[in-house]
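User: I would like a close look at one loop of this protein, set in the context of the whole chain. Please take your time over it.

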Amino acid sequence: MDSAGALTRAVERFAADHLDGHRQVCVGLSGGPDSLALTAAAVRAGFEVRALVVDHRLQHGSAHVADAAAEAARGLGARAQVIEVSVGTAGGMEAAARTARYAALEEARDGWPVLLGHTADDQAETVLLGLARGSGARSIAGMRAWSAPWGRPFLGVRRAQTVGACTELGLAPHADAHNRDPRFTRVRLRSDVLPLLDDVVHGGVVEALCRTADALRADTDALDALAEEYHRAARTDAGLAIERVRDLAAAVRTRVIRRWLLDVGATEPTSRVIGAVDALVVDWHGQGGVAVGGDGGSRREVARVGDLLTVRDSPR
């Protein structure tokens, strides 16, 4: 089986669809099989490749792992850079590490697109996690193949193919202990839940979840585009005109509200916050404002004033 060739073709197809002739790319390289196979495929596809290796410094010996990954990338014909980061605590270790990693990649990419090694298996895990958390359509729609500057050429590729490509090319990927630690939700999904589902429905679960994400993303994109039009019509310098959104279908109206909240500086709004602001529009009975963010010294909230939604800051 020519896994390496298949992955190279996947990168070529991705580039033709999304990179508009750009031949210089960064690859977020962890040293694992997915990102190592992606680095090899990008080089084999003729790109000038800069491998960006983020050392989260969360495990003993992480510097050695990062250096080995960088050296492997250089052996493939890529340039490589190791970036050390400090991981905070907000949202738990997984979320904090992701935040630190993306910030480091953004700073180091120097205007180049960044390719990431997420596979179909990762997409299926994302969809399941969104379902389990009740996170709504946007989360269940999964990851996009291209959301500038982030590219994911392997979303149609199974993880077994990246492992196979590394074997074919004589590469020795790093086996991250965190990827086997059952304390992490994604590890349990990968090792317990997805295999059980596959057994219950007699196979094809990963592919089915990826198809679900694709279909839902198309629907979500259409609704988001419609909501953007209504948002432009409803927004004024003073706030959001209630009469222009009150009678919209809920799926559109709540998207308009989310778009407006982001526009006025709200922290990434949860479904609970959006629902509470929506109630100011469609279930108004004199209730008070809804907290949507702020900082250590002030509280930002949305309130209804007459026929407008307005935003205001008040001291904590």
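User: Between which two helices does the loop that holds His202 lie?

Analyst: In this predicted model, His202 sits in the loop that runs between helix 8 (185-200) and helix 9 (205-234). The backbone at His202 deserves attention, since its phi is positive, at about 65°, although His202 is not a glycine. The residue counts as exposed because its relative accessibility is 76%, and the cut-off for that word is over 50%.

A second loop invites comparison with this one. Asp20, in the loop between helix 1 (3-18) and strand 1 (24-28), is likewise not a glycine and has a positive phi, here of about 50°. With a relative accessibility of 76%, Asp20 therefore counts as exposed. A positive phi is also found at a glycine, namely Gly306, where the value is about 65° and the residue belongs to the turn of a hairpin formed by strand 9 and strand 10, with 2 residues between the strands. Strand 9 (residues 298-305) and strand 10 (residues 308-315) pair in the antiparallel sense over 8 bridges, and Arg299 stands opposite Ser314 of strand 10.

Another backbone feature is the cis peptide bond that joins Ala148 and Pro149, with omega at about 10°; Pro149 lies in the loop between strand 5 (146-147) and strand 6 (150-151).

For a contrast with the exposed His202, one can turn to Thr126, which is part of helix 5 (residues 120-133). Thr126 has a relative accessibility of 12% and so counts as buried, the limit for that class being under 20%. Leaving aside residues up to four places away in sequence, Thr126 touches Ser139, Gly142, Met143 and Arg186.

As for the wider setting, the protein is divided into domain 1 (3-209) and domain 2 (237-315), whose centres, taken over C-alpha atoms, are separated by 36 Å. The secondary structure as a whole comes to 11 helices and 10 strands, and the C-alpha atoms fill a box of roughly 70 × 45 × 40 Å along the principal axes. Of the 316 residues, 44% count as buried, while the protein exposes about 15900 Å², of which carbon and sulfur atoms supply 51%. Among contacts between residues at least 6 apart in sequence, 66% join residues at least 24 apart. Finally, the protein carries 38 positive and 41 negative side chains, and the centres of these two sets lie 2 Å apart.

How values were computed:
Residues are numbered from 1 along each chain as its sequence is written. This is a predicted model: local features need pLDDT of at least 70, side-chain atom pairs count only at pLDDT 80 or more; totals for chains, interfaces and linings use all residues. Side-chain values use heavy atoms; hydrogens and water are left out. Helices (H or I, at least four residues) and strands (E, at least two) are DSSP runs, numbered from the N terminus. Buried means under 20% relative accessible area, exposed over 50%, partly exposed in between (1.4 Å probe, protein chains only). Contact means heavy atoms within 4.5 Å. Two strands pair if DSSP finds at least two bridges between them. Domain bounds come from an automatic or database domain assignment. Accessible areas come from the Shrake-Rupley method with a 1.4 Å probe; for residues, only the protein chains shown count as cover. Lys and Arg count as positive and Asp and Glu as negative; His and the chain ends are not counted. The place of a charge is taken as NZ of Lys, CZ of Arg, CG of Asp or CD of Glu.
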